[in-house]
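Here are a few short exercises to work through with the viewer open. Try each task yourself before reading its solution.

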Amino acid sequence: NTKNDIPFKKAVVTMSLINQTCWVVGGVGVIGRGITRALLQSGATVIVNSREESRLQRIETDLGNPEKLILVHGSLLPGSAESTVEKVLSNNTPLHHVVAHGAVRYWTSKAQGCD
């Protein structure tokens, strides 16, 4: 250490997303659930979609039924994407951010290790 060194401090910086709405595409999966949780903890309203109603119910329960979680039943697969986007945009909530991390696997016959 020299006289000019700045001490290193570990810090977790959380960006405030209060009054922001985020749509997490693929939010019901393992990674998306973590992203959704972090966005909610940062104050955001979070929209999550799934073509399976049971997965929407499960994420809502697993996250403790947060009031800022908006669930949309719909898919982004060809033939369904337009109506799902319309559902998301019709929530009377301005959309500020989209997290499109989705693990695209619809072309496989069976997704290994996925529900």
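Buried residues, meaning those under 20% relative accessible area (1.4 Å probe, protein chains only), make up 30% of the 115 residues in the protein chain. This is a predicted model, in which local features need pLDDT of at least 70 and side-chain atom pairs count only at pLDDT 80 or more, while totals for chains, interfaces and linings use all residues. Residues are numbered from 1 along each chain as its sequence is written, and side-chain values use heavy atoms, with hydrogens and water left out.

**Exercise 1. Work out the order of helices and strands in the protein chain.**

Solution. Start with the inventory: the protein chain has three helices and four strands. Here helices (H or I, at least four residues) and strands (E, at least two) are DSSP runs, numbered from the N terminus. Reading from that end, the order is β-α-β-α-β-α-β. As for contacts (heavy atoms within 4.5 Å), residues 24 or more positions apart account for 57% of those with a separation of 6 or more.

**Exercise 2. Find how strands E2 and E3 pair, and the handedness of the crossover between them.**

Solution. Strand E2 covers residues 45-50 and strand E3 residues 69-73; they pair in the parallel sense over five bridges. Pairing requires that DSSP finds at least two bridges between two strands. One pair to look up is Val48, whose bridge partner in E3 is Leu71. Next, follow the chain from E2 through helix H2 (residues 53-62) to E3: this β-α-β crossover is right-handed. To check this by eye, point the strands away from you; right-handed means that the path from the first strand over the helix to the second runs clockwise.

**Exercise 3. Classify Ala44 and Thr45 as buried or exposed, and list their contacts.**

Solution. Begin with Ala44, in the loop between helix H1 (30-41) and E2. Its relative accessible area is 0%, so Ala44 is buried. Leaving out residues up to four places away in sequence, Ala44 touches Leu17, Gln20, Cys22, Leu39 and Lys68. The C-alpha atoms of Ala44 and Ser16 are separated by 7.9 Å, although the two residues are 28 apart along the chain.

Move on to Thr45, which is in strand E2. Thr45 is buried because its relative accessible area is 18%. Setting aside neighbours within four places in sequence, Thr45 is in contact with Gln20, Thr21, Cys22, Lys68 and Ile70.

**Exercise 4. Which phi sign do Asn19 and Asn92 have, and are they buried or exposed?**

Solution. Asn19 is found in the segment before strand E1 (21-25). Asn19 is not a glycine, yet it has a positive phi of about 65 degrees. Its relative accessibility is 67%, so Asn19 counts as exposed (over 50%).

Asn92 sits in the loop between H3 and strand E4 (97-100). Asn92, also not a glycine, has a positive phi of about 55 degrees. With a relative accessible area of 77%, Asn92 is exposed.

**Exercise 5. Place Leu77 and decide how accessible it is.**

Solution. Look in the loop between E3 and H3, where Leu77 is found. Leu77 counts as partly exposed (between the 20% and 50% limits) because its relative accessibility is 22%. Then turn to Arg51, 26 residues from Leu77 along the chain: their C-alpha atoms are separated by 9.3 Å.
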